[in-house]
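Morning, everyone. One structure today, and I'll keep it quick. Have a look at the screen.

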Amino acid sequence: MAHRVLAAVQRGRGEPALYASTTKGGMKLIYEGHHFRFTFRRGPYSIFQCCYKENMQECKVRVVTDQKRVFPLDGEHI
């Protein structure tokens with residue numbers, strides 16, 4: 001997983017990270033109009049999973065952030 005994270009970061013310049021607060025006091029990442037929740041950390045990078053669900057299927061898109069820039073990691077939106 002660590003090599004995939006580094007490859008995603010090195011692939012491009014990324015986009016500026018945009019965060020929004022949730023109603024429960026947490027933080028979500030907004031990227032390309034989709035909301036992402038924090039899942040885990042790998043070194044200096046955080047991995048976020050898309051929050052979207054449809055017909056009991058969860059969207060598998062993940063992104064990587066260094067807190068300032070967002071880089072797509074894998075998956076396609078459902």
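Which residues does arginine 62 touch, not counting those up to four places away in sequence? Keep that one in mind for a moment. Before the answer, a caution: this is a predicted model.

Now the answer. Arginine 62 touches Met1, Arg4, Phe40, Ile47, Phe48, Gln49, Pro72, Leu73 and Asp74. The residue itself belongs to strand 8, which covers residues 62-65. Is arginine 62 buried or exposed? Its relative accessibility is 17%. The cut-off for buried is under 20%, so arginine 62 counts as buried.

Step back to the whole chain. We have one helix and nine strands. Read from the N terminus, the order is α-β-β-β-β-β-β-β-β-β. So how compact is the chain? Its radius of gyration is 12 Å, and the globule rule gives 12 Å for 78 residues. The chain is therefore as compact as a globular protein of that length. Along the principal axes, the C-alpha trace spans about 35 × 25 × 20 Å.

Next, contacts and surface. Take the contacts with a separation of 6 or more: 37% of them join residues 24 or more positions apart. Buried residues account for 27% of the 78. The exposed area of the chain is about 5300 Å², with 53% supplied by carbon and sulfur atoms.

Charges, briefly. I count 13 positive side chains and 7 negative ones. The centres of those two sets are 8 Å apart.

Now back to one of the contacts of arginine 62, namely Phe48. How many aromatic pairs does a search of the whole structure find? Three. One of them joins tyrosine 19 and phenylalanine 48. The ring centres are 6.4 Å apart, the planes make 55 degrees, and the pair is tilted. Tyrosine 19 sits in strand 2, residues 18-21, and phenylalanine 48 in strand 5, residues 45-50. So this pair ties together parts that are 29 residues apart in sequence.

What about burial for the two partners? Phenylalanine 48 has 5% relative accessibility, so it counts as buried. Tyrosine 19 has 28%, so it counts as partly exposed.

One more residue joins in. Ring pairs link Tyr19, Phe38 and Phe48 into a cluster.

To wrap up: Phe48 belongs to that ring cluster, and Phe48 is also touched by arginine 62. That's the tour. Questions, please.

Terms used
Residues numbered from 1 in each chain as written. Predicted model: local features only at pLDDT ≥ 70, side-chain atom pairs only at ≥ 80, totals over all residues. Heavy atoms only, no water. Phe/Tyr/Trp six-rings, centres within 6.5 Å; stacked < 30°, edge-to-face > 60°. Helix = DSSP H or I, 4+ residues; strand = E, 2+ residues; numbered from the N terminus. Buried < 20%, exposed > 50% of the residue type's maximum accessible area, 1.4 Å probe, protein only. Rg over C-alpha atoms; globule rule 2.2 N^0.38 Å. Contact = heavy atoms within 4.5 Å. Areas by Shrake-Rupley, 256 points an atom, 1.4 Å probe, with all protein chains shown as cover. Lys, Arg positive; Asp, Glu negative; His and termini not counted. Charge placed at Lys NZ, Arg CZ, Asp CG, Glu CD.
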